[in-house]
Amino acid sequence: MPDVPESLVDLAKRGGEPVVVQTLRSATAATLAYIVALWLTNVTAPLLAPLTALLVVQVTLFATLTAGVRRVNSVIAGVLIATAFSVLVGLSWWSLGLLILSALALGHLVRVDEFVPEVAISAMLVLGVTQHAETAWDRVLETLIGAVVGLLFNLVILPPIWVRPAGEDIEQQARRMRELLNRLGEEADEPRTPVSRIAAKMEEARRLDEAIAEVDATLTQAEESLRLNPRVKEPLLTRIVLRTGLDTLESCAVILRTMSRNLTDLATRRTDEPLFPPEVASALRELFTYLAGAIDSFATLITSQVSSAADEAEKFLAVELDAARLSREHVAKLLLTRVQEHPQQWQLHGSLLADVDRMLDELDIEKRSAHLAEELDRMSREESRRYPRLRRIAGTARRARRRLPSLRRGAGGGGKG
């Protein structure tokens, strides 16, 4: 048996991942559009149909329903202006520049919003393949065929849901924060920690902001994949859980950066003695360990949704938070008994304890539940007001999908009778 390339093996293993699914969907929709255009037109190579289908088959169903029309308009506008240019001036360096300028201006006039560049792109592509279509009507018909195929394809074969990649990114972000908290605890417990080593932790905490931005982009894609998707039972709740969870982690990342800065300042001001006395250092390391465990349990809670794993994560989170609160009080008492030894450092000690309080407050389970309820009510009202028709369509599709199994069983039963 011939060797199978590793790339094909990897693709087969990743067959269920959203990236692979979307890639296959885009290729299939473009191919179908080309076949349909061959049937319905006399064009030798109707390349505009697969091009339009490729552009219309969005990553999410919500984007298809809300932005598909604007995207089709942008392509049609590009086709029409390119048709006029091909008849009047043909293709040359100066006509190409004029075409791009005119197409971009037309895009703003027809108000296709973020798809203005696609007017120019479509116009250039049409001008380049103008020899394959004899009339402007052929090119417009190709575009419409591609648009219809792309829209129907996304409605019949629903786009993938991007929740799992977003959840994995959120968990990865939580792991970074957990590891940094553990390392900060280790540095605080070291008798002779160099200032440069603690300062490196502060730089690592600052880089957490960049990682948050990347996770935010993945989560935005996941949120759109949930909106109006009939395959998801509670799309709004899932979106709110993930979004508010990431907001909490972002706040904790800011607090973590302040913590690391406090430890760096303490290390800079110390003399020849350890950063903290042995008993304080040990208690502080324990406190950071509990906070790291709470961060980890919180990430599991928001990414597991409603499941046994989420219930278990909530129990672990409650235990870690209670232990962290007790540990925090122990650390505060130890620091208070030594306030006379280093009175000039008490401000930094108080700031460190305040940061711990803020992180505990951000991760508090009751506060999070109340915030989720408020956000759910607010976003439900907002979506009902902004997209009433689309929500009715999605609800109808969701009910139809739930009825399919019973309808099939009923059909099967009737056949047997």
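## Close-up views of a predicted helical model

**Figure 1. The largest nonpolar core of the predicted model.** In this predicted model, the largest nonpolar core holds 66 residues, and M259, F276 and L291 touch the most other members. Seven helices each supply at least two residues of this core: helix 8, helix 9 (195-226), helix 10 (235-269), helix 11, helix 12 (308-337), helix 13 (346-363) and helix 14 (365-386). Helix 11 gives the largest share, 14 residues. Apart from this core lies another one, of 19 residues, which includes L51, I81, V112 and F115.

**Figure 2. The surroundings of F276.** F276 is among the three residues that touch the most other members of the largest nonpolar core. With neighbours within four places in sequence left aside, F276 is in contact with A188, L263, L266, A281, L284, L335, H349 and L352. Of these partners, A188 reappears in the view of A267, where its C-alpha distance to A267 is given.

**Figure 3. Helix 8 against helix 11.** Helix 8 covers residues 163-189 and helix 11 covers residues 278-304; their axes come within 8 Å and cross at roughly 175°. Angles over 145 degrees count as roughly antiparallel, and the two helices are therefore roughly antiparallel to each other. The residues of the contact between helix 8 and helix 11 comprise 14 nonpolar, six polar and six charged ones.

**Figure 4. The protein as a whole, for orientation.** The protein has 15 helices and zero strands. Its chain has 417 residues, of which 45% count as buried. Among contacts with a separation of 6 or more, 80% are between residues 24 or more positions apart. The accessible surface comes to about 21,800 Å², and carbon and sulfur atoms account for 58% of that area.

**Figure 5. A267 in helix 10.** A267 is placed in helix 10. Its relative accessibility is 2%, so A267 counts as buried. Not counting residues up to four places away in sequence, A267 touches V195, I198 and L275. A267 and A188 are 79 residues apart in sequence, and their C-alpha atoms are 9.4 Å apart in space.

**Figure 6. R257, also in helix 10.** R257 lies in helix 10. At 25% relative accessibility, this arginine counts as partly exposed, whereas A267 in Figure 5 counts as buried. Beyond residues up to four places away in sequence, R257 touches A205, R206 and D209. For one of these partners, R206, the C-alpha distance to R257 is 6.1 Å, although the two residues are 51 residues apart along the chain.

**Figure 7. T220 in helix 9.** The view is centred on T220, which lies in helix 9. With a relative accessibility of 34%, T220 counts as partly exposed. T220 and V163 are 57 residues apart along the chain, and 9.8 Å separates their C-alpha atoms.

**Figure 8. A310 in helix 12.** A310 belongs to helix 12. This alanine has 3% relative accessibility and so counts as buried. The C-alpha atom of A310 is 6.7 Å from that of T300, ten residues apart along the chain.

**Figure 9. Helix 3 and its buried residues.** Helix 3 spans residues 48-56, and seven of its nine residues are buried, so the helix is largely enclosed by the rest of the structure. The buried residues in helix 3 are L48, A49, P50, L51, T52, A53 and V56. One of them, L51, is also a member of the core of 19 residues mentioned under Figure 1.

**Figure 10. S95 in helix 5.** S95 is found in helix 5, which covers residues 93-109. The relative accessible area of S95 is 0%, and the residue is buried. Leaving out residues up to four places away in sequence, S95 touches F85, V89 and G90.

Methods. Residues are numbered from 1 along each chain as its sequence is written. This is a predicted model: local features need pLDDT of at least 70, side-chain atom pairs count only at pLDDT 80 or more; totals for chains, interfaces and linings use all residues. Side-chain values use heavy atoms; hydrogens and water are left out. Axes are lines fitted to C-alpha atoms, for helices over the stretch in contact, and angles run from 0 to 180 degrees between N-to-C directions. Helices (H or I, at least four residues) and strands (E, at least two) are DSSP runs, numbered from the N terminus. Angles under 35 degrees count as roughly parallel, over 145 as roughly antiparallel, 65 to 115 as roughly perpendicular and the rest as oblique. Ala, Val, Leu, Ile, Met, Phe, Trp, Tyr, Cys and Pro count as nonpolar, Asp, Glu, Lys and Arg as charged, and the others, Gly among them, as polar. A nonpolar core is a set of buried Ala, Val, Leu, Ile, Met, Phe, Trp, Tyr and Cys residues joined through side-chain atoms within 4.5 Å. Buried means under 20% relative accessible area, exposed over 50%, partly exposed in between (1.4 Å probe, protein chains only). Contact means heavy atoms within 4.5 Å. Accessible areas come from the Shrake-Rupley method with a 1.4 Å probe; for residues, only the protein chains shown count as cover.
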